[in-house]
Amino acid sequence: LTGLPQPLRLTAWGGADDSVDAEEKARLLADCSALVHLVPHLAGCRDSNATGDWLDACTRATYDLMLAAQQHGVPHFVLVSSLDVLVNLEPDLHPASIQPSWRPRPSVSPGSLGPHCAEFVARQFAFLPGASMRVSILRAGDWHRDATSRFWTSSSDIAGAVVAALETEVDKASPMYAVKHCGEQQKGWAAPAATPGISTMAACAKRQPRSAVLFGANGMMGPPVASALASDGLE
């Protein structure tokens, strides 16, 4: 990133221990053209003894970071996620065949669930009504494993992917939410077809549902929710 023309600010803020006050956050984010978040790759967080800290770093800390970025008008948020969110894909699937339309199928292990939670938080910000901060998700292979791992990649490829995301021109036609992958034999980072953003949400909002399936109907909230749906004319 030091090769980019913009000034570069580095900070450890974003982990489970948030010790950055509001004044420091404002200084860090003032006039920022982009914010890059590396939380799913925090050292030591994959230790099973630190599962709570790991999930907290991926959820609450990601939310706090994105909220601050939004409040200070940062136009572009880049989350370096992990291909571990796809660990439940077919065993014979080659990483080079993974397209942006593939959805995560995380396991409940912290290494898979943590990045998925971070992605979920980021996605929610991108789909907020009137959202102005674009979100790029870079699902990177793990550079700590050896080269025979299914989702292995090199640190230089991951760094190159971050630079490519920051150098991409963003205009009004750009999607609010886009996902790219960096795994074995996925070099070059050609721009893939983008995941639809706000327009998808708007289209969904215009459709009037006629029926609904209620999961968890035998709990405390089941009867009142079912009654409310029925009174609203839903089957």
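Is F125 buried or exposed? The points below address this residue and the aromatic contacts of the model, which is a predicted one.

1. F125 is buried, its relative accessible area being 6%. That value falls in the buried class because the class takes in residues under 20% relative accessible area.

2. Two aromatic pairs are present in the structure. In one of them, the ring centres of Y63 and F125 are 5.5 Å apart and the planes meet at 55°, so this pair is tilted. The tilted class applies because the angle is neither under 30 degrees, as for stacked rings, nor over 60, as for edge-to-face rings.

3. The pair of Y63 and F125 connects distant parts of the chain. Y63 belongs to helix α3 (residues 60-71) and F125 to helix α4 (residues 110-126), with their positions 62 residues apart. While F125 is buried, Y63 has a relative accessibility of 40% and therefore counts as partly exposed.

4. F127 and Y177 also form a tilted aromatic pair, with 5.7 Å from centre to centre and 50° between the planes. F127 is located in the loop between α4 and β3 (134-140), and Y177 in strand β4 (residues 177-182); the pair therefore ties together parts 50 residues apart in sequence.

5. Both partners of this second contact are classed as buried: F127 at 12% relative accessibility and Y177 at 3%.

6. Y177 has a further contact, with a charged group: the charged end of R123 sits over the Y177 ring, at 5.0 Å from the ring centre. The ring of Y177 thus takes part in the aromatic pair with F127 and also lies beneath the charged end of R123.

Terms used
Residues numbered from 1 in each chain as written. Predicted model: local features only at pLDDT ≥ 70, side-chain atom pairs only at ≥ 80, totals over all residues. Heavy atoms only, no water. Phe/Tyr/Trp six-rings, centres within 6.5 Å; stacked < 30°, edge-to-face > 60°. Helix = DSSP H or I, 4+ residues; strand = E, 2+ residues; numbered from the N terminus. Buried < 20%, exposed > 50% of the residue type's maximum accessible area, 1.4 Å probe, protein only. Lys NZ or Arg CZ within 6 Å of the ring centre and 35° of its normal.
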